[in-house]
Amino acid sequence: MATFVLVPGGWKGSWSFEAVVPLLEHAGHAVHALTLTGLRPDDDNATVATANLDTHAEDVLRLLDRAHLTNATLVGHSYGGMVTAAAADRAGGRISRLVQLDAYVPRDGESCWSSTNAHFREVFAAGAAATGYAVRPPDGGDPRRRPHPLASFLQTIRLTGTLAQVPRREFIYCSGWEDRTPFAELRTRLQADPEWQVHDLPTGHDAMHEAPEAVAALLLGECIADASTLRRQAP
């Protein structure tokens, strides 16, 4: 039995994995989906204003401690890749597999802001204009999304090199939104790195809802459906 720890992307909570969790559990695995500090419905303004990347990495580490988890598979989506990278680097060998699902794969000293593209920098800046500390969600999308702590997008990551000792590291590239994706160059970089395995999914960024079976299959190490089938599944 594997243990999965799922970390959502910007503006989202544990609900973003709602279609994938039962598939992993049905296969007999333990699953922990997180909602990060500042993204919880009852978090006050002070909590949102003070939450940063370190706060979110500590959310993951507290879960590992509380649930006594070792040999865990850590999965980060989008911004969640910043969090999983930081947490894996600090987890003391308790992470056996890291899966970055259309997510940032930072190097030491990088931030979500520095790693993303001009489109998302504009989204972050415009979204934070009202408060200066919380980035409102982009228009459209799931109404459960919440304002995201700006500091977590801006803070640079500190990596000691321990992350490179995670035995299995994978990147899932979603190719169905190439007009806006910030991950195309990252995919090229990781394809050239023998320590990373790269998978492609022909979905938009929200692969967990567009093709949950394909995402679960990759997490379970199974073969995925062909591209034409996935396109028929996507809304």
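Before I start, a word on naming: helices, taken as DSSP runs of H or I with at least four residues, and strands, taken as runs of E with at least two, are numbered from the N terminus. What we are looking at is a predicted model, and I will go through the sheet, then some residues with positive phi, then the C-terminal helices, and finally the pockets.

Let me begin with the sheet, which is open and is formed by six strands in the order 2-1-3-4-7-8, with parallel pairing. At its edges stand strand 2, residues 30–33, and strand 8, residues 197–201; each of these has a single partner strand, so one side of each is left without a neighbour in the sheet. If direction is ignored, neighbouring strands of this sheet are turned against each other by 20° on average. As a general reminder, strands of a sheet pair through backbone hydrogen bonds, either parallel or antiparallel.

Moving through the individual pairings, strand 1 is joined to strand 3 by four bridges, the two running parallel, and here Val5 has Leu74 in strand 3 as its bridge partner. Strand 3 in turn pairs with strand 4 over six bridges, again in the parallel sense, and one pair to look for on your screens is Gly76 with its bridge partner Gln100 in strand 4. The connection between these two strands includes helix 4, residues 80–90, and together strand 3, helix 4 and strand 4 make a right-handed β-α-β unit. On to the next neighbour: strand 4 and strand 7, the latter covering residues 168–174, run parallel and are joined by five bridges, with Leu101 finding its bridge partner, Ile172, in strand 7. How much of strand 4 is buried? Strand 4, which spans residues 95–101, is mostly covered, seven of its seven residues being buried.

Now to the backbone. In general, most residues other than glycine have a negative phi, and with that in mind I would like to show you two residues that depart from it. Trp11, although it is not a glycine, has a positive phi of about 75°, and Trp11 sits in the loop between strand 1, residues 3–7, and helix 1, residues 21–26. The other is Asn71, also not a glycine, with a positive phi near 55°, placed in the loop between helix 3, residues 53–66, and strand 3, residues 72–77. Is each of them buried or exposed? Trp11 has a relative accessibility of 10%, and because buried means under 20%, Trp11 counts as buried. Asn71 has a relative accessible area of 55%, and because exposed means over 50%, Asn71 counts as exposed.

Turning to the C-terminal helices, Ala207 lies in helix 9, residues 207–210, and at 0% relative accessibility Ala207 counts as buried. The C-alpha atoms of Ala207 and Phe17 are separated by 9.7 Å, while along the chain these residues are 190 residues apart. Helix 10, residues 212–219, has seven of its eight residues buried, so it is largely enclosed by the rest of the structure; the buried residues of helix 10 are Pro212, Ala214, Val215, Ala216, Ala217, Leu218 and Leu219. Just after helix 10 comes Gly221, which takes a positive phi of about 75°.

Finally, the pockets. The largest pocket has a volume of about 610 Å³, and among the 29 residues that line it, those nearest its centre are Trp11, Lys12, Pro138, Arg145 and His205. The Trp11 named here is the residue with the positive phi that I showed you a moment ago. Which element gives the largest share of this lining? That is helix 6, residues 118–128, which provides four residues. By class, the lining of the largest pocket divides into 13 nonpolar, ten polar and six charged residues.

The second largest pocket holds about 210 Å³ of space and is lined by 13 residues, of which Arg107, Ser115, Pro182, Leu186 and Arg189 lie nearest its centre. The elements giving two or more residues to this lining are helix 5, residues 112–115, and helix 8, residues 184–191, and the largest share, three residues, comes from helix 8. Sorted by class, the lining of the second largest pocket has six nonpolar, three polar and four charged residues.

Methods. Residues are numbered from 1 along each chain as its sequence is written. This is a predicted model: local features need pLDDT of at least 70, side-chain atom pairs count only at pLDDT 80 or more; totals for chains, interfaces and linings use all residues. Side-chain values use heavy atoms; hydrogens and water are left out. On a 1 Å grid over the protein atoms alone, a cavity is a set of points where a 1.4 Å probe fits but cannot get out, and a pocket is an open set with protein on both sides within 12 Å along at least five of seven lines; lining residues have an atom within 4 Å of a point. Grid points are joined across faces, edges and corners, and a volume is the space filled by probe spheres set on the points. Ala, Val, Leu, Ile, Met, Phe, Trp, Tyr, Cys and Pro count as nonpolar, Asp, Glu, Lys and Arg as charged, and the others, Gly among them, as polar. Buried means under 20% relative accessible area, exposed over 50%, partly exposed in between (1.4 Å probe, protein chains only). Two strands pair if DSSP finds at least two bridges between them. A crossover is right-handed if, with the strands pointing away from the viewer, the path from the first strand over the helix to the second runs clockwise. Axes are lines fitted to C-alpha atoms, for helices over the stretch in contact, and angles run from 0 to 180 degrees between N-to-C directions.
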